[in-house]
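Welcome! Take a moment to look at the structure below, and then we will walk through what surrounds the ligand and how the chain is divided.

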Amino acid sequence: MENDKAYLWSHKDLLDVTQLSLPDVTHILDLAASFELVNQRPVKKVPTLKGKSIVLFFAENSTRTKTSFDVAGKRLSADTFSLAKSGSSISKGESLQDTVWTLQAMNPDVIVIRHSSSGAAQFIAERLQCGVVNGGDGWHAHPTQALLDCFTLRRAWQGQFAGKTLLIAGDIAHSRVARSNVHLLTKLGVNVRICAPRTLLPAGRQTWPVEYFDTLRDAVKGVDAVMCLRLQLERMLDGLLPDLAEYSRRFCLTPELLSLANSQAPVLHPGPINRGMEIAAAVADGAQSRILDQVAAGVATRMAVLYLLAQRKDGGNK
Ligand code: CP
């Protein structure tokens, strides 16, 4: 890859976007763009990671992240292996530490982990020699989601981030996607607005570099992109939302509300989506929706991340 010659990737792991410099981000996005071309070929495979082993350890459910890491690894010719919570010895009481030491003994090059506990990815990265990618840990971080969102917005905004305004609307409190995107996009100069009921705002949000709105109608006016987030009812304590119908009346992005944004403003959603709750079906399926583009970007972006981490072990990426 031509853009690798002048660049040295210095990270063993990808745990959070906060560890990335601007050159790191640009390099990942440029590399993802080159892998996107591979994904558009009739034969979607290159020998780049032939002989490398990638473990997908998903202790929490996933459709997009797990599948796209699997596809990404296979398109780079790596061998990929999956371990889920159900069907593994975790269900017999094996600890996270013993599980990952067992995986390490098989000498993988990269482990991708998703876990319901914030900090799980860092916990294993500190104990393993191989590269670790955080595929989402609790409410904490989802770095590859933020990178693929960035990739999608870079295309929609024709490479321009500074001065653009993004609205993130929905269940911010429980969202690792919101946290990672706020960090990454504000670093790139994007103005970020958040909109949610007060009960779904994160603790410490006063320290976030964002503007808060409590009505979607005000929040969406004049923005350059909207990202909707689902209600994470599985992580929610009782009593945060008295009435789901009332929530959807106030916080569902409808075509009428979207018309208040700048024309052509792309609509993103990390998925899974709940049609009619946080996003109307007509918006999810509409001309401004970039939801499936995000999925495609996920494969290319994860190819870039796997490439950088797996090659590093050989002293690559120079
Ligand atoms: N966006 C995302 O993480 O989706 P999955 O839970 O399906 O992986």
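In this predicted model, the ligand has a ring of neighbours made up of Ser62, Thr63, Arg64, Thr65, Arg114, His142, Gln145, Pro270 and Gly271. Let's see what kind of residues these are, how some of them meet the ligand, and which parts of the chain they come from.

**The shell around the ligand**
- Sorted by class, this shell holds 6 polar residues, 2 charged residues and 1 nonpolar residue.
- As for location, the ligand sits in the largest pocket.

**Polar contacts**
- Ser62 uses its side chain: an N or O atom there is 2.6 Å from an oxygen atom of the ligand.
- Thr65 also offers a polar side-chain atom, which lies 2.7 Å from an oxygen atom of the ligand.
- Thr63 takes part through its backbone, where a polar atom is 2.9 Å from an oxygen atom of the ligand.
- On its own, the ligand has 250 Å² of accessible area, and the protein covers 91% of that.

**Two domains**
- The domain assignment splits the protein chain into domain 1 (2-142 + 296-311) and domain 2 (144-295).
- Measuring between C-alpha centres on the model, you would find domain 1 and domain 2 separated by 25 Å.
- The two domains touch each other: 35 residues of domain 1 are in contact with 29 residues of domain 2.
- Which domains supply the shell around the ligand? Domain 1 and domain 2 each give at least three residues to it.

Terms used:
Residues are numbered from 1 along each chain as its sequence is written. This is a predicted model: local features need pLDDT of at least 70, side-chain atom pairs count only at pLDDT 80 or more; totals for chains, interfaces and linings use all residues. Side-chain values use heavy atoms; hydrogens and water are left out. A residue is near a molecule or strand if one of its heavy atoms lies within 4 Å of it. A polar contact is a pair of N or O atoms within 3.5 Å; within protein, one must be able to donate a hydrogen and the other to accept it, and residues adjacent in sequence count only if both atoms are side-chain atoms. Accessible areas come from the Shrake-Rupley method with a 1.4 Å probe; for residues, only the protein chains shown count as cover. On a 1 Å grid over the protein atoms alone, a cavity is a set of points where a 1.4 Å probe fits but cannot get out, and a pocket is an open set with protein on both sides within 12 Å along at least five of seven lines; lining residues have an atom within 4 Å of a point. A molecule sits in a cavity or pocket if more than half of its atoms lie within 2 Å of its grid points. Ala, Val, Leu, Ile, Met, Phe, Trp, Tyr, Cys and Pro count as nonpolar, Asp, Glu, Lys and Arg as charged, and the others, Gly among them, as polar. Domain bounds come from an automatic or database domain assignment. Contact means heavy atoms within 4.5 Å.
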